[in-house]
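User: I would like to go through this model and ask, for each label attached to it, what justifies the label.

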Amino acid sequence: MIRRHSIIVAIVSLGLVFASLVIGYTEQQAARPLAESYIRLVPQELGAPNVITGILLTYRAFDTLGEIAVLFMVAASVGLVLGREGPPRGVPSEDRPGEARPSSEIVQTGTQILVPLISIFAAYIIMNGHLTAGGGFQGGAVIASGILLVLLAYPQYQPNLEFLGITESVAGALFVLAGIAGLIVADGFLDNRILPLGQFGAFFSAGAIPVLSALLGIKVGCELSVILERFRP
Amino acid sequence: MISRIVLTTGLLLVLIGLWGMLTHRNILRIIIGFSLMGTGTHIVIVAIGYVANGTAPIIDRALSVSEAISRAVDPVPSALAVTAIVIGMAVTAVMLAYAIRLYESKKTLSIDAFTESKW
Amino acid sequence: MVESLLHPLNIFIVGLAGGFLIPLFYRLGKSWTAAAFVLALAAMTVISGYGLFVLLNGTAPIEILTGGAKPPYAINLRMGLAESIFAFSVNLVALFGAAYVVRERYGTLLLYLLLVMGIQGMVMTRDLFNLFVFLEIVSIATYGLLGLRDTPASLSATFKFLMATVLASTFFLIGTLLLYAVTGILNIDELIAKRASITGPIGFAALIFLLACLLLELKPFPANGWGLDVYETARCDVAAMISGGVSAGVFFALLKLLPLFEDQLELIAGLGAMTFVFSNLIGLQQTNAQRLLGYSSIGQVGLLTIAVPLLYRLNADNAMFLVVGGLFINHLFAKVGLFWLAGYVGRERLQDWAVLARRPGAILTFGILIVAISGLPPFPGFWAKWQLVMSLAVGDLHVWIAIVLVGSLLEAAYMFRWFSLALNSPAEADGVPADLFPIFGMALLLVISGYIAGKLAGLAALWAYMPLAAGLVLHMLARLPSRMQCLIVLVLVTVGGSQLILELSGISLLFAMLLLAGGLVVSIACLARTDHRSGFYPLLAVMLLSLPALPRATTSLEFIFVWELITLSSYFLILRRTEAAAHALQYLLFSLAAAFFLLCAFAVLHTQTGSVSLSALRAAGPDSAPVFVLLAIGLLIKAGAIGVHVWLPGAYAEADDDVSALLSAVISKVSIYGLLVGTYVAIRSDVSLNLALVVGWIGMLTTLAGAMLAARQDDLKRMLAYSSMSQLGYIVAAIALMSHLGWVTALYLAANHLLVKGILFLVAAAIILRTGKRSIVELGGLAGVMPVTFTTAAIAIVAMSGLPPLAGFGGKWLLLSAMMEKGWYGPALMTLLATFVGFIYMARFIQAIFLGPRRATHDALTEAPIPLLTPQILLIAGIFLMSFFPKLLITPLSNAIDPQFASTLVWQGMSLEMIYGYWNPVPVMALAVIASTILFGLFWLLQQSGWWATIANVEIGGTRPSLYKGFRAVFTTLTPPWAGALWGGLTEATTTSAERIRILYTGNGQTYNLYILYYFLALYAAAGVRHLWVAVN
């Protein structure tokens, strides 16, 4: 009881702190100086219409690189924790739900129809990240949703973990390599201007951003798939 | 105005997540509490980036650069939100992995069962 | 080209690319993975080392730009000097630690690599959100590595850790975004520049959220149960990385953001203080090795959290560098080494560490790590603490100094207790000899960094390291036969010691000669033992050379440094006998407390005079009474004055017999030297006279109590130990006289005591060697079988008792004269009384051991061995010299004493003339004899009448009581064990409170999260109250 009261007191107090935030908050009437600079700089310097993607893949690409590392490490960590890296643990077969009961035909058929569509959609999101809403992360997540669907529909399906692992490693290394290219060819690490900026708004434009976006999408897709696979009983 | 509502929602979600995390004994529910808290935080991020009557900061025929400066929402919080979401997901994955191991070790998911080390 | 290859940006390129590629290398083969992994770590080390090298040569901080744009648009990082030190040291540790993980699966390797990179990212980044990303990289790598051990306990602990750190990092995210909402900035430099624009409820909350996260990640008391659990249950090398590496990253983040928290500096320091003191307090009750290290880790980080905001407030940039660098590096290397050692030992309970007892290499390393973690010389933590105390004193932050020192003392208590457990009761050494090499590496790094830090702190003199160098030489010769080693020590100390005292003059020279010669002569006795005394001779060399080095010290830093060397070497020498463990610990703690008082005194002196030179003591002004009080307290503790004498009998009595002789005869003079030096200051300050009288009374009470306690004792060595206490009391009183005559007396008495007690403890050694008995009542009649020993003992006793014609008489006489001269009639009376009590135990010593009936079993005993007799005879020669040619000593003494006591002293044969008056020794002598006779007779009458039996409530019974039994009853009544009860009670109270407080740690992860929430709320409230307070005023 004391415990519950102290939780209530804590939450209410925190609520009061939050209330002060809401009361003190004033809606922004115009872009902040930094935001304004980005809105000018991204189209002009990076040649990307989507300011957010420009920020993510050039100005704050170092963060993005860190994020990839985080996802990469999660895949490794989950592997370590669940002990799936080496040979599979000896789990009794009755503990494996789904092995006995395959999913219904409706799910399987739906999957067959949906997965190609999902893949195309993912590719679209990834490749148009610099032009419109989208990008590598979002597309990668969509890829993983397709894989999840496959895993649900075909419990016996074993994705080629080796292939996924090599792909994600290569994609990650290429991302770093693109960064190094920026050091040599352009103005600094992870500068996107290692490729010509092209015509503003065109598909092949904004320097290396589409390439980076693609690498990111592939890597995120692979990593999420690996994580999903590791969680399977 | 609208961003204030969003902000309030986000903060409330954080509180709800915390409440769940502190009151529920089941580890999975605790993890859900964390996820709620994380989502609340992401909503707060988005609210902070909002500019009155704003639109997406994508420059095209419909939105010129000069127009965007007065009308586009702040792109920085949006960019940060992407990163924050990925990290939140990563953390949730690790938590779930440990939840599985915890269940395997004691065949229970009650947080009260896992108090080996103390003092 | 080289420049660009060694640019710090490459740390991240190597880390990330290496991490991403490790799975590919894995396909090539296991050795490829390992090679790539080690290569990547080595590359990061080289790059950061090169950065450090370049920056030390005065280059501007290296900017790391990304995204092809300038900040604040793109993320930038920076490697300045501080960053490079943190990065380089973490890399070094990681490289050594690679030995433990390199054979693991590739997932572990990539997590480890990215963890190391992430820590450096936290150190170098200048973007707030990027800091969050690196924090998460570090956290997730930690979560993964924690999974390496999958016992139920460690899984539970990891989950608690996960919940707590995720909550904390959510605070960071919220704080970062709120800060952005207020300022529109993420770049840290810009945020600091525009600190003033962070206002309003959102700005305030933003800062508190950030601060809360950083503090929580440092595992503050009481919201740190989750951290302790992980330290306890994680695999040792992972725990080491969390304690050293991850804390380094988070701590550096706090350091970097500190300008933002300008309004909360005291609050941060206060929370750090709470963590430091309570962690170390609870650590006292800990029995699990890794959890103990956890408490210590948290405490050390707490200490850093105290130091940084306070020094920042004081604008002490130079001090900041040494303090933060020293404390951090000390903690990093020592704690990592200890965690690895815990992995090597593989025992949870502290008692089981006795498996180390038979492994000299491991014990040596363990000792180095323990000494380092306790902040003792010659390791970086010592210099850092020194600098910290000096700086805090300048800022008049005395309470903070007290907190730092109390916490340090608590930490030393459990650390050294642990060490003595490892030496205790050597169990079978059955552990698998795992890789000790990285742990040696840490010890070596500590030594190197300690030397560098010492230079930075201002100890440039190489001679101060001479004792340690001698110890090292002896350590390398440990294979030689025991006696050979002893001879080498004697030669080395003679040569080195004479080098040390070459340039000295005055009192310093006299004392240095006294300590050096006394140490050497008494050490001859060590030749009597031929058994292999592992570790004995290196320690002996360190100690014997430290003794003459003390008078060589010209700055307070050198003084404390050498002082601590003497303390440590004598502690380890006492500890060599396992029975002495508890007493050795007591000895160490009281000695450390004494040193801390000295440290405070020097800090105050430094504040007042702006100088660290010891000569500042002479230049002190009238307001330096506190300096004298602090010095006097410290030195009286070390001298074993009444009330704080509890450490003395045990340490003296339980040490090896030859060590006892050294302790009592020689080492005890160290405090006397300190007292002489320190008293200069008292002469200058205006309240000195009353204080001196207080010290004088303390001295005389010590003498009397010591004599009575000695008279009660049946244990041979304890009796001599209490006798030492008693004799030191005389010397203290003599110094407190603060007159020329008083000081001559003090030095004369000190020399006399050295000679006498050296002999008597060696006599005890001989008797114990021959009979195996320590109890006086089991001995008797040994004069017949050990005539030489009997003769030396008798001469020594006469010299000590103050009977003519030997030196003791001159000493007593001088003392009484000096007291009369000053008008100290009370103390003079006490002197007579104490002399009388002294007669009793000295008579008993001779009577019970050497005279009377001899036991049949003792008939076949032989004389003591030559190595034991030689020093005795040499010392007796000294006594005769002093007794019959007193001018030889008195004249240089008189000349050496500061000419400010404008008086002269002429010693003519057996009589003494002074310009103050004329004193004939005969009446004084007669008075002493008459007083003794009267007291003796009075007591005899009392006892005969049977009064005393009723008063003292002693059952004398039907038999005719011996005179001694009656005395004993009186002395027992007059010396109630108050001091023992006081200190025992204090210990009891400390451990009880530790036991109560640690109930906080319930082990429930959910509760811990509630603590975290409350921690944030408390922080918010405290900062808010301060904010309002400032606003109102």
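**Reasons behind the labels**

In a record for chain B, an unreviewed UniProt entry, the feature "transmembrane region" is listed at residues 6–23, 30–52 and 79–100. The model in which these spans are examined is predicted.

User: What makes residues 6–23 and 79–100 of chain B helical spans, and how far apart are their end C-alpha atoms?

Analyst: Residues 6–23 of chain B are 100% helix and 0% strand, with end C-alpha atoms 26 Å apart. Residues 79–100 of chain B are likewise 100% helix and 0% strand, and there the end C-alpha atoms lie 32 Å apart.

User: What does the contact between chain B and chain A consist of?

Analyst: It takes 41 residues from chain B and 43 residues from chain A. On the side of chain B that touches chain A, α1 (2–23), α3 (65–71) and α4 (75–106) each supply at least two residues, and the largest share, 16 residues, comes from α4(B). That side divides into 31 nonpolar, six polar and four charged residues.

User: And what makes up the contact between chain C and chain A?

Analyst: Chain C contributes 47 residues and chain A contributes 52 residues. The elements of chain C that give two or more residues to this side are α2, α5 (106–124), α6 (128–146), α9 (200–217) and α41 (1005–1032). Of these, α6(C) gives the most, with ten residues, and the side as a whole comprises 34 nonpolar, eleven polar and two charged residues.

User: How do you know that the length of helix α2 of chain C agrees with its number of residues?

Analyst: Helix α2 of chain C covers residues 9–28, and at 1.5 Å a residue its 20 residues should span 28 Å; the end C-alpha atoms are 28 Å apart, and therefore the two values agree. The helix nevertheless bends by about 45° at C:Ile22, with a proline, C:Pro23, following within four residues. Just after α2(C), C:Gly29 takes a positive phi of about 145°.

User: Why is α2(C) called mostly covered?

Analyst: A residue is buried if 20 or more other C-beta atoms lie within 10 Å of its own. In α2(C), 16 of the 20 residues are buried, and the helix is described as mostly covered on that count.

User: How does helix α4 of chain C fare under the length test?

Analyst: For the 21 residues of α4(C), residues 81–101, the expected span is 30 Å at 1.5 Å a residue, and since the end C-alpha atoms are 30 Å apart, the value agrees with the expectation. There is a kink of about 30° in this helix, centred on C:Leu95, and 17 of the 21 residues of α4(C) are buried, which makes it mostly covered.

User: Why is C:Leu547 called buried?

Analyst: C:Leu547 has 32 other C-beta atoms within 10 Å, and because the cut-off is 20 or more, C:Leu547 counts as buried. This residue lies in helix α22 (residues 536–552) of chain C. Not counting residues up to four places away in sequence, C:Leu547 touches C:Leu515, C:Leu516, C:Gly519, C:Ile566 and C:Val666.

User: What makes the phi of A:Leu190 worth a remark, and is A:Leu190 buried or exposed?

Analyst: A:Leu190 has a positive phi of about 70° although it is not a glycine. It is found in the loop between α7 (161–185) and α8 (209–231) of chain A. With 30 C-beta neighbours inside 10 Å, set against a cut-off of 20 or more, A:Leu190 is therefore classed as buried.

User: Where is C:Lys219, and why does C:Lys219 count as buried?

Analyst: C:Lys219 sits in the loop between α9 and α10 of chain C, and its phi is near 60°, a positive value in a residue other than glycine. Because 29 C-beta neighbours lie inside 10 Å and the cut-off is 20 or more, C:Lys219 counts as buried. The loop between α9 and α10 (225–233) of chain C also holds C:Pro222, and the peptide bond from C:Phe221 to C:Pro222 is cis, with omega near 0°.

User: Which other peptide bond is cis, and what is its omega?

Analyst: A cis peptide bond joins C:Pro71 and C:Pro72, with omega about 10°. C:Pro72 belongs to the loop between β1 (62–65) and β2 (76–79) of chain C.

Key: Residues are numbered from 1 along each chain as its sequence is written. Chains are lettered from A and ligands numbered from 1 in the order in which they are written. This is a predicted model: local features need pLDDT of at least 70, side-chain atom pairs count only at pLDDT 80 or more; totals for chains, interfaces and linings use all residues. The expected span of a helix is 1.5 Å times one less than its number of residues. The bend at a residue is the angle between axes fitted to the seven residues ending there and the seven starting there. A residue is buried if 20 or more other C-beta atoms lie within 10 Å of its own, exposed if 12 or fewer, and partly exposed in between; C-beta atoms are placed from the backbone. Two residues are in contact if their C-beta atoms, placed from the backbone, lie within 7 Å. Ala, Val, Leu, Ile, Met, Phe, Trp, Tyr, Cys and Pro count as nonpolar, Asp, Glu, Lys and Arg as charged, and the others, Gly among them, as polar. UniProt positions are given in the numbering used here, feature names are shortened, and annotations may be inferred rather than shown by experiment.
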